[in-house]
Amino acid sequence: MKRLTLVGMVMMVLNACAGMPNGSPLVLDVPVSGTERSAVHPLDLDDGDYVEGVLDSGTDAAELRLIDRDGRPVRLLLNGTAGREVFRFVAEPGMTALRVTLREAGGYRLTLTRRIAVANQRPVLQGHLSPTIAALAETVKRGGGTEAFWQDIARRGTPLVEPLKDAPGSDRVAMTFLARGARHNVRLLGGPTSNHENLERLGRSDVWFKSFIVPASTRLSYQIAPDVPDFPGTCRECRMAILAQLQADPLNHRPWPSDAPDRYNQVSKVELSGAPLQPGLEGGWAEPAGRLIAERFTSGILGNTREVTIYAPPGVDPTGKNTILLLLFDGPDYLDRHAPVPTMLDRLTGDGRLPPTVAVFIANPGTEARERELPANPAFAAMLADELLPWLSERMGIRAWPDRTVLAGSSYGGLAAVSAALAYPDRFGNALSMSGSFWWHPADAPPDRPEHMAGLVASRDRCPVRFFLSAGLFESGSDGEIGILESSRHLRDVLEAKGYEVTYRDYAAGHDRFAWRGALGDGLLALFGR
């Protein structure tokens, strides 16, 4: 390993930097200080060392440079900063000293806080979160087979759920997703992160796996994609290729729905023992007791036509002053066995937990229209207030009382519910958001104001609207981006600061209709429950 500067060469460095005041050599974790406007501090490093340090110049502006043995600058680390600042670099041949230059001779303190040699720059192996996988890894390492493992998995089902090795009895567990026999790769969609996770191959065996630490209250649905094609293309094109292979996990014992035409149209469900009850769905799916009426609704404001389906449980008076009017976006998603809202309403109103409720399921004309209309679109809000409500009254005899009317939706639909209620509080007195896309902002929004809805709430007077907001713990942002979890919590805080009535819930779930159907029931009970 080549040495850079060297104990014993300190005088050479200092003499080479003629005309500069001399400072003390730097030693790890030993602060040096000075009061001169400029000082040189020799380094004793090896090529490739990773170095971290701190310069504290108080209120004085400081410049910090790496220099060579002739005093020539090699790299600018800090440029005119004041106070305590951290710097980092990797040592290269020719870097012999650090030079501090102050705007005024006010004093500074310089410390090297970390030095990691090349030989130690490697990830620390953490072992396997799953005891079962750890034991299998030893078997494979000794040349053993995996057939007994797969027989056990076929009996137990996937994903594997095991107590944490170092924290037995805690409210978190190790969850391991598995796939067998893929040739090139396996991707996971809907797991406990917001990413399309890659499963790892266990040696050269036929076992692919990925483990996570999750709350014991986790509820999610997921799919796996073995051997996703890898081809030249844009990042989005390559990412979308996962859709060609997404399918239910053949090792999972809870495919959903069970009567799907094939595995590509199924998901796999996970409900751990601590998952909360989903109000109105305790007995599973059942045929609705009321009548579903589907109509075509045309909007002059939006210039399109969509299907609107109305449902009222038996005996519900749609004109009653005590009757709740639920307007639900992405309507068809909440009319099948995945999220049987009519069944839920039958039970919640039937046993008195919820007042009489009429539900209006609002479809989208198409995918492009959804992406245009739902993200805080004033024209969409105007359609709801000025066209849909009068149409429901004239066509269906439904009376909308503002304090008993609730807009509800998930993802973009959650954003639409909040934005439309704030735009027309005299028509919509309640908003229910499930994993609302509050990270969204218009294309012309300033880069430092990415949360459009929170900004609108903060800048406007309070109006008579109540809110239920929910998000999944697995919907956090990545790579420095704000996610649904963070933006939902922030919107909650802004609403509360403005004096709004807000109920907020986190769920150990992702961006998942399997969780949203429970959040919808929770939200209705929080806003209107008896």
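**A walk from a surface patch to an open sheet**

Let's begin on the outside of this predicted model, where V27, L28 and V30 make a nonpolar surface patch of about 230 Å². One member of that patch, V30, sits in the loop between α1 (10–16) and β1 (32–34). The relative accessible area of V30 is 43%, so this residue counts as partly exposed, a class that lies between the 20% limit for buried and the 50% limit for exposed.

From here, turn to the open sheet. Five strands form this sheet, and if you follow them across you meet β12, β11, β15, β17 and β16, in that order, with antiparallel pairing. At the edges are β12 (197–198) and β16 (255–256), each of which pairs on one side only.

Take the β16 edge next. Strand β16 is joined by 2 bridges to β17 (residues 267–271), and the two run antiparallel. If you look for W256, you will find that its bridge partner in β17 is V267. A helix also belongs to this part of the picture: α11 (residues 513–528) lies across β15 (219–226), β16 and β17, and it runs at about 165 degrees to β15.

Now move to the β12 edge. The loop between β11 (186–189) and β12 holds H196. Is H196 buried or exposed? With a relative accessibility of 16%, H196 counts as buried, because the limit for buried is under 20%. And which residues does H196 touch, leaving aside its neighbours within four places in sequence? Its contacts are R187, L188 and L189, together with R239 and I242.

Technical notes:
Residues numbered from 1 in each chain as written. Predicted model: local features only at pLDDT ≥ 70, side-chain atom pairs only at ≥ 80, totals over all residues. Heavy atoms only, no water. Pairing = 2+ DSSP bridges. Helix = DSSP H or I, 4+ residues; strand = E, 2+ residues; numbered from the N terminus. Contact = heavy atoms within 4.5 Å. Axes fitted to C-alpha atoms, helices over the stretch in contact; angles between N-to-C directions. Buried < 20%, exposed > 50% of the residue type's maximum accessible area, 1.4 Å probe, protein only. Patch = residues over 30% accessible without salt bridge, like charges linked within 9 Å, V, L, I, M, F, W, Y side chains within 5 Å. Areas by Shrake-Rupley, 256 points an atom, 1.4 Å probe, with all protein chains shown as cover. Salt bridge = Lys/Arg side-chain N within 4 Å of Asp/Glu carboxyl O.
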